Amino acid sequence: MTGHLARLCLQGAGSTGHYTPHAFDLRLLGARQATDHIVYLHEVHHAGLNDVTAWGTALHVFARLPAAAAVFGRLLDGCRTVHESLATFASVQIATARHGALDDVLAAYPRYVPLYRATEALTTGVAGANRRQQIVTALARLCMQTPILDTVAEAGLGEFTMASVRSHDRPDARWNWFVRGGPGPVAAAAASADRVVTGEFGPAVLTSDGPGGDLYTATDRDHDAAWDRWELAAYDHLRDRLARTGAGTLDLTGHQRGTARLLELAQSRHGDLGLRAAMTAEQRRTDADIAAAVLQQVRHDFTGGERHRAVPLAASAPRAGEPVIVHARPPGRLAGLYRWPPGVQPPPVAVRVIVEDGDGPAVGHVPVADPVALGSALLCVGASCLADPGFAQRWFPAAARPAFVLVDIEPDRFVPRWAAEDTTVVAVPVRVSDTGGERTALLLRADDTGIWWLVVADDVTVRLMIEYLRGHLGDALVIDGGAFAAIAGPARAVITDVLATESFTSFDALGSSHAR
């Protein structure tokens with residue numbers, strides 16, 4: 001429903017990302033970590049801004065309504081500058097805190113340089129790297145917290161048009177008004193927030209964010225409540241200034257009532273739209289919940305374009321010296337991963353082979369119908385297959401060890417069970433170099449059966465997965481790089497095969513376990 005132009009994109013000479021209200025796709029080249037981090041963080045900020053604002057709710061709803069692509073596109077056009085300004089500024093600032101100055105990386109994305117410079121200029125009167133991040137986030141949220149939800153509900157989902165939205169109730173118009181006003185009002189909002197936080201929490205929080213200070217020290221979780229208060233105070237100051245123009249404004253979380261109303265209206269007419277509830281303020285302070293929210297939406301694209309073409313094969317000869325790898329994915333997942341010939345039923349269990357025919361390269365699939373045929377082959381099963389209990393009972397006993405479960409579902413679907421059973425989980429992060437660049441995988445062992453759960457992604461996703469696991473398992477999560485030696489050969493073979501033959505990896509093969 002949302003085509004290429006109806007996306008918020010970070011495109012340039014390096015890694016790229018695309019965000020829609022459904023998810024965000026990453027094409028990370030693995031050539032330079034700082035670039036990949038900027039792209040990843042850029043798309044995360046798009047998702048985060050939509051999830052906590054009224055205009056973002058409208059985008060979520062209209063992206064999923066039938067025959068609403070034109071309205072969705074106009075809504076998106078009304079907030080592109082806000083979205084891209086926040087996403088570019090925040091991602092570059094966070095990556096800079098880790099990697100140092102990144103002007104050369106930003107230069108590879110020339111369309112975004114003016115937005116970054118304009119946002120940077122707005123914050124020149126704000127002391128501290130974290131406060132600059134906070135004030136830009138507060139400003140972007142204010143621009144997106146318009147009366148749009150009431151306007152849509154009053155007009156009706158099918159009758160709403162952008163003509164009913166006043167100019168100063170459109171996000172980009174608001175952002176541009178602040179840009180024209182220069183850094184003075186933004187600095188005044190920051191100074192007001194400084195006074196509020198110093199009065200309520202003392203001076204230590206602001207001291208941690210002093211000139212030349214470290215962003216990571218300032219954002220220590222001990223300061224979470226104080227920084228939440230700072231953002232609210234800055235937001236309220238900016239809101240008061242904007243309201244004097246006659247613009248309709250909401251408080252920081254003022255979209256929630258309108259969101260509930262609009263979702264009820266949409267679902268009464270169109271059924272379940274697959275929308276998840278926004279995280280509560282308490283959840284936003286929990287690393288595991290924040291990690292889960294990002295993991296629900298991320299997709300790693302390994303093709304850089306169209307999905308791999310797939311063709312059925314009757315048989316293939318194994319390559320000398322290379323292990324045979326048998327993959328299992330549900331038919332629905334296979335339909336999403338590949339472009340199949342018309343009328344072909346994807347084989348759920350198959351050996352994959354790179355082939356070339358008159359239509360070009362393709363991933364051939366040689367069906368494996370019976371577990372007895374596995375022999376010494378390595379088995380890589382999508383976790384989505386395990387939704388059918390009979391699948392594991394049929395295939396795992398016959399499979400050689402180690403066997404692998406590719407995580408293509410939300411961790412919320414299996415990690416809480418590990419936690420409830422007090423399972424000790426061994427985690428092994430792995431760096432993999434292939435023709436596509438540097439990749440990162442994570443291997444997880446939750447028992448002594450020789451079955452390893454496998455995440456294939458990038459270093460940020462792996463860190464998020466570890467944070468999620470640590471939040472649920474605590475000390476029962478054991479990071480043990482030494483455990484890799486015993487499975488290094490089979491594990492690298494499976495990871496490399498996934499990278500070569502899977503069009504993408506994501507955690508949504510069974511959909512979202514959260515209302516959205």
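Which residues do ring pairs link into a cluster? Ring pairs join Phe414, Trp418 and Trp453 in this way. The legends below belong to close-up views of a predicted model.

**Figure 1. Overview of the predicted protein chain, with its helices and strands.** The secondary structure of the chain comes to 20 helices and 16 strands. Of its 516 residues, 53% are buried. Among the contacts with a sequence separation of 6 or more, 74% are between residues 24 or more positions apart.

**Figure 2. Cluster of aromatic rings at Phe414, Trp418 and Trp453.** The three residues shown are linked into a cluster by ring pairs. The count of aromatic pairs comes to nine. Two further pairs are shown in Figures 3 and 4.

**Figure 3. Edge-to-face pair of tryptophan 177 and phenylalanine 178.** The ring centres of tryptophan 177 and phenylalanine 178 are 4.9 Å apart. Their planes stand at 80°, and the pair is therefore edge-to-face, since planes over 60 degrees apart count as such. The partners differ in burial: tryptophan 177 is partly exposed, at 28% relative accessibility, whereas phenylalanine 178 is buried, with a relative accessible area of 2%.

**Figure 4. Edge-to-face pair of tryptophan 227 and tryptophan 230 within helix 13.** Here the ring centres of tryptophan 227 and tryptophan 230 lie 6.2 Å apart, and their planes are at 70°, so this pair is edge-to-face. Both residues belong to helix 13, which covers residues 224-243. They are three residues apart, about one turn of the helix. Tryptophan 227 is buried, with a relative accessible area of 3%. Tryptophan 230 is buried too, and its value is 0%.

**Figure 5. Buried face of helix 6, with alanine 121.** Helix 6 spans residues 113-122, and Tyr116, Thr119 and Leu122 are buried in it. Viewed down the helix axis, the buried residues of helix 6 fall within an arc of 120°, so they line one face. Alanine 121 lies in helix 6 as well. Alanine 121 has 37% relative accessibility, so this residue counts as partly exposed. The C-alpha atoms of alanine 121 and glycine 182 are 7.7 Å apart in space, while the two residues are 61 residues apart in sequence.

**Figure 6. Surroundings of aspartate 497, a buried residue without a salt bridge.** Aspartate 497 is found in helix 20, residues 488-501. The nearest side chain of opposite charge is that of arginine 352, at 5.5 Å; a salt bridge needs a distance within 4 Å. The side chain of aspartate 497 does make a polar contact with the side chain of histidine 327, at 2.7 Å. Leaving out residues up to four places away in sequence, aspartate 497 touches Ile325, His327 and Glu502.

**Figure 7. Surroundings of threonine 505 in strand 16.** Strand 16 covers residues 504-506 and contains threonine 505. Threonine 505 is buried, with a relative accessible area of 7%. Its side chain reaches the backbone oxygen of valine 456 at 2.9 Å. Apart from residues up to four places away in sequence, threonine 505 touches Val298, Arg299, His300, Phe302, Arg333, Val456 and Val498. Valine 456 is therefore both the partner of the side chain and one of the residues touched, with touching taken as heavy atoms within 4.5 Å.

Notes:
Residues numbered from 1 in each chain as written. Heavy atoms only, no water. Helix = DSSP H or I, 4+ residues; strand = E, 2+ residues; numbered from the N terminus. Buried < 20%, exposed > 50% of the residue type's maximum accessible area, 1.4 Å probe, protein only. Lys, Arg positive; Asp, Glu negative; His and termini not counted. Polar contact = N/O pair within 3.5 Å; in protein donor to acceptor, adjacent residues only side chain to side chain. Arc of directions from axis to C-beta. Phe/Tyr/Trp six-rings, centres within 6.5 Å; stacked < 30°, edge-to-face > 60°.
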